[in-house]
Amino acid sequence: MPPAHAPSSAGSPDAPVAHGASTTLPGSTNDTIDTLDGRLIRLLAEEPRIGVLECSRRLQVARGTVQARLDRLQAKGVIGGFGPEVDPAAIGYPVTAFATLEISQGQGADVRAHLASVPEVLELHTITGIGDMLVRIVARSNADLQRVIDRVLGFDGIVRSSTAIVLENPVPYRILPLVDQAAAE
């Protein structure tokens with residue numbers, strides 16, 4: 001995790017890009033990251049406990065440049081945090097399921113609040129198509145999954161649900177291939 005420091009005036013995010021980093025190509029839709037940003041994000045993803053000084057050494061740019069890039073990427077919402085990745089199975093929740101929920105008209109805010117109060121709800125997305133919300137939930141076992149589903153559905157604003165249990169996760173959540181593509185544009 002990068003240490004917290006005071007922002008440095010060296011290495012302004014608007015400064016010319018160094019060491020093989022490219023700027024955004026004319027006509028490109030990517031105005032968020034460049035090659036150096038992509039290399040920095042990859043380095044942090046591969047070694048999340050690395051510090052800013054070591055990043056600058058490995059990327060061969062000034063420490064202030066790395067800090068300025070990190071500050072800019074965080075301010076733009078590209079980097080959302082440096083917290084640990086926690087595997088639900090490793091803390092006793094090996095069953096993952098997705099539930100598609102249909103909700104009563106006008107109940108969206110209340111259903112969101114209800115779902116946010118359920119610890120086993122890891123994600124909530126509003127969706128188009130069949131259903132209104134897609135919820136990723138975890139449980140301690142298949143039997144425990146029924147308890148979680150009952151708790152999720154124990155709200156008057158939810159009118160129907162469909163649940164699918166995850167059997168395998170051959171492509172876990174990943175972002176680096178997308179970062180590489182965006183940095184190359």
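These legends describe close-up views of a predicted model.

**View 1. Helix 2 crosses helix 3.**
Helix 2 covers residues 52–59, and helix 3 covers residues 63–75. Their axes come within 8 Å and cross at roughly 110 degrees. That makes helix 2 roughly perpendicular to helix 3. The crossing is right-handed. Helix 2 brings V52, L53, C55, S56 and L59 to the contact. Helix 3 meets them with R63, V66, Q67 and L70. By class, this contact has six nonpolar, two polar and one charged residues.

**View 2. Helix 1 packs with helix 3.**
Helix 1 spans residues 35–46. Helix 1 and helix 3 pack at an angle of about 85 degrees. Their axes lie 11 Å apart. Helix 1 is therefore roughly perpendicular to helix 3. On the helix 1 side, the contact is made by L36, D37, L40, I41 and L44. On the helix 3 side, T65, V66, R69, L70, R72 and L73 take part. Seven nonpolar, one polar and three charged residues make up the contact of helix 1 with helix 3. V66 and L70 of helix 3 belong to this contact and also meet helix 2.

**View 3. Four strands form an open sheet.**
The strand order is 2-3-1-4, and the pairing is antiparallel. Strand 2 (121–126) and strand 4 (158–165) are the edge strands. Each of these two pairs on one side only. From one strand to the next, the twist averages 20 degrees.

**View 4. Strand 2 pairs with strand 3.**
Strand 3 covers residues 133–139. Strand 2 and strand 3 run antiparallel and pair over five bridges. V121 stands opposite I137 of strand 3.

**View 5. Helix 4 and helix 5 meet the sheet.**
Helix 4 (residues 108–116) packs on the sheet. Helix 4 touches strand 1 (95–103), strand 2, strand 3 and strand 4. The direction of helix 4 makes about 15 degrees with that of strand 3. Helix 5 is formed by residues 142–153. Helix 5 lies across strand 1, strand 2, strand 3 and strand 4. Helix 5 runs at about 140 degrees to strand 3.

**View 6. H114 sits in helix 4****.**
Is H114 buried or exposed? The relative accessible area of H114 is 14%, so H114 is buried. Which residues does H114 touch, leaving aside those up to four places away in sequence? They are R151, V152, G154, F155 and I158. Among them, R151 and V152 fall within helix 5 (residues 142–153). I158 falls within strand 4 (158–165).

Technical notes:
Residues are numbered from 1 along each chain as its sequence is written. This is a predicted model: local features need pLDDT of at least 70, side-chain atom pairs count only at pLDDT 80 or more; totals for chains, interfaces and linings use all residues. Side-chain values use heavy atoms; hydrogens and water are left out. Axes are lines fitted to C-alpha atoms, for helices over the stretch in contact, and angles run from 0 to 180 degrees between N-to-C directions. Angles under 35 degrees count as roughly parallel, over 145 as roughly antiparallel, 65 to 115 as roughly perpendicular and the rest as oblique. A crossing is left-handed if the near helix is turned anticlockwise from the far one by less than a right angle, and right-handed if clockwise. Contact means heavy atoms within 4.5 Å. Ala, Val, Leu, Ile, Met, Phe, Trp, Tyr, Cys and Pro count as nonpolar, Asp, Glu, Lys and Arg as charged, and the others, Gly among them, as polar. Two strands pair if DSSP finds at least two bridges between them. Buried means under 20% relative accessible area, exposed over 50%, partly exposed in between (1.4 Å probe, protein chains only).
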